[in-house]
Amino acid sequence: MSPTFRSLRSHNYRLYLAGSVVSNVGTWMQRIAQDWLVLSLGGGGAALGITTGLQFLPILLLSPYAGVIADRFPKRRLLQVAQGWMALMSLLLGVLAVSGNAEVWMVYLVAFLFGIGAAFDGPGRQSFVSEMVHPDDVTNAVGLNSASFNLARLIGPATAGLLIGALGGGPQATGWVILINAVSYLAVIGQLQRMNTGELRSPDPVARRRGMLREGVGYVRTQPKMLMVLVIVFFVGTFGANFPITSALMATEEFGKGASEYGLLGTVLAVGSLSGALLGARRTRIPLRLIVAAATGFGLSIIVSGFMPTYALFALTGPIVGFCTITVLNACNATMQTEAAPEFRGRVMAIYMTVLMGGTPLGAPLIGFIGEHFGARTTLYASGTMVLFGTLAGVLLLVALRGGIRAVLTPSQAAG
């Protein structure tokens, strides 16, 4: 079997990946539809930012506790419950939109409730990977997960844009797309149910005791490599990965395009992301210098995209941005999983998800505000600059903790 797909030797992982592809297509369709619903209801850049911020706020508030739950209970069942909750919230939003009763404040509320499910899904899903595959295949499985996610990004946004346009482009049109996503969650729930639990490499559940969350935080604080990763992903997640907002503003306000062209931007971004994910799946070790280089490239590519004078040229920068994005995120994710002791993995990945996505309630409204008051291009300049600043801060932290720049640049110390 090709080194790129070696994790598919696992029966359980094959089931999981197949269900994820279907569900991820629906997820990307809803992301486009939800943003377009807000715009069609009269909301602007600030409203998009608030919607995104509210959807990620529960991740900031609840993910650390979700990590404790992930270490205490079977992750397969945890994922089924979380996926079912998100399906229910998608169903609710879809019905509101199709019936013509949706208002912006309702989208805010449902986005927040949806985020509660995502907060418990994230740590469980991230740490479950290492239970389905051999320890040597964890980096590969992380890469294939990202490949499936970005394969869905190739299909989902464009499909959503075409469907919304074909159905009239109004709130009702977005509702039908959101309802498709509600059904797609059944694919993951069903595949999880079909797994052979005897083949899972599940660690013994951690007994409940006081201070479990504090214990997890204390563990991470002793790991310099993890701390550098967390600083970088905070800036990447908070300020850099706001593509639904920046792309929507560039498509509509800067270039005067509609839903189909907006959806296409998500697709071209996924071309680079899919390439980066497949390339990353071939790696068995993650040097820290790869994380630094990818994060730097991510920040620079965002800034360059802001200078593109036409829609076509802006779209052509998408694959570069996508490649750098997925490379840095996959490298950071795999580093955290492979460095973490099994009994701490749920809490470690919860902290990772909190840092990566928990800053969105701050970053998304801020980016939306900048776009509404200073223009769409300024959002890209600001986002890229903050990513570069965060990368430098992460490197300086590691240098301070390890006592030299060789800790980042030399392969002997950088191997993950």
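In which kind of crossing does H3 pass H4? H3 passes H4 in a left-handed crossing. Keep in mind as you look around that this is a predicted model. The tour below starts with that helix pair, then visits a bent helix, some charged pairs and two buried residues.

**How H3 and H4 pack**

- Two packed helices are described by the angle between their axes and the distance between the axes.
- For helix H3 (residues 75-98) and H4, the angle is about 155 degrees, and the axes lie 8 Å apart.
- Angles over 145 degrees count as roughly antiparallel, and H3 and H4 are therefore roughly antiparallel to each other.
- H3 has 24 residues, which should span 34 Å at 1.5 Å a residue, and its end C-alpha atoms are indeed 34 Å apart.
- Just after H3 you will find Gly-100, which takes a positive phi of about 80 degrees.

**A bend in H2**

- Helix H2 covers residues 45-72, a run of 28 residues.
- From its first C-alpha to its last, H2 reaches 40 Å, close to the 40 Å expected at 1.5 Å a residue.
- Where does H2 bend, and by about how many degrees? The bend is at Leu-62 and comes to about 55 degrees.
- A proline, Pro-64, follows Leu-62 within four residues.

**Salt bridges**

- Side chains of opposite charge can pair when their charged atoms come close.
- In this model, the count comes to seven salt bridges, and three of them are picked out here, beginning with Asp-137 and Arg-6.
- The side chains of Asp-137 and Arg-6 meet at 3.1 Å, N to O.
- This pair links distant parts of the chain, 131 residues apart: Asp-137 sits in the loop between helix H4 (104-132) and helix H5 (138-166), while Arg-6 belongs to the segment before helix H1 (11-40).
- Are Asp-137 and Arg-6 buried or exposed? Both Asp-137 and Arg-6 are buried.
- Asp-121 pairs with Arg-125 in another salt bridge, with the closest N and O atoms 2.8 Å apart.
- Asp-121 and Arg-125 both lie in helix H4, four residues apart, which is about one turn of the helix.
- An α-helix has 3.6 residues a turn, so residues three or four places apart point the same way.
- Asp-121 is buried, with a relative accessible area of 5%, whereas Arg-125 is partly exposed, at 28%.
- Lys-225 and Glu-339 form a salt bridge too, and their closest N and O atoms are 3.3 Å apart.
- Here again distant parts of the chain are linked: Lys-225 is in helix H8 (residues 224-240) and Glu-339 is in helix H13 (residues 318-339), 114 residues apart.
- Lys-225 counts as buried because its relative accessibility is 6%, under the 20% limit.
- Glu-339 has a relative accessibility of 26% and so counts as partly exposed.
- Salt bridges that share partners also join Arg-6, Arg-9 and Asp-137 into one network.

**Two buried residues and their distances**

- Val-110 lies in helix H4, and at 5% relative accessibility Val-110 counts as buried.
- From Val-110 to Val-138 there are 28 residues in sequence and 34 Å in space, C-alpha to C-alpha.
- Gly-263 has its place in helix H10 (residues 259-281), and its relative accessibility of 0% makes it count as buried.
- Gly-263 and Ala-251 are twelve residues apart in sequence, with 9.4 Å between their C-alpha atoms.

How values were computed:
Residues are numbered from 1 along each chain as its sequence is written. This is a predicted model: local features need pLDDT of at least 70, side-chain atom pairs count only at pLDDT 80 or more; totals for chains, interfaces and linings use all residues. Side-chain values use heavy atoms; hydrogens and water are left out. The expected span of a helix is 1.5 Å times one less than its number of residues. The bend at a residue is the angle between axes fitted to the seven residues ending there and the seven starting there. A salt bridge is a side-chain nitrogen of Lys or Arg within 4 Å of a carboxyl oxygen of Asp or Glu. Buried means under 20% relative accessible area, exposed over 50%, partly exposed in between (1.4 Å probe, protein chains only). Axes are lines fitted to C-alpha atoms, for helices over the stretch in contact, and angles run from 0 to 180 degrees between N-to-C directions. Angles under 35 degrees count as roughly parallel, over 145 as roughly antiparallel, 65 to 115 as roughly perpendicular and the rest as oblique. A crossing is left-handed if the near helix is turned anticlockwise from the far one by less than a right angle, and right-handed if clockwise.
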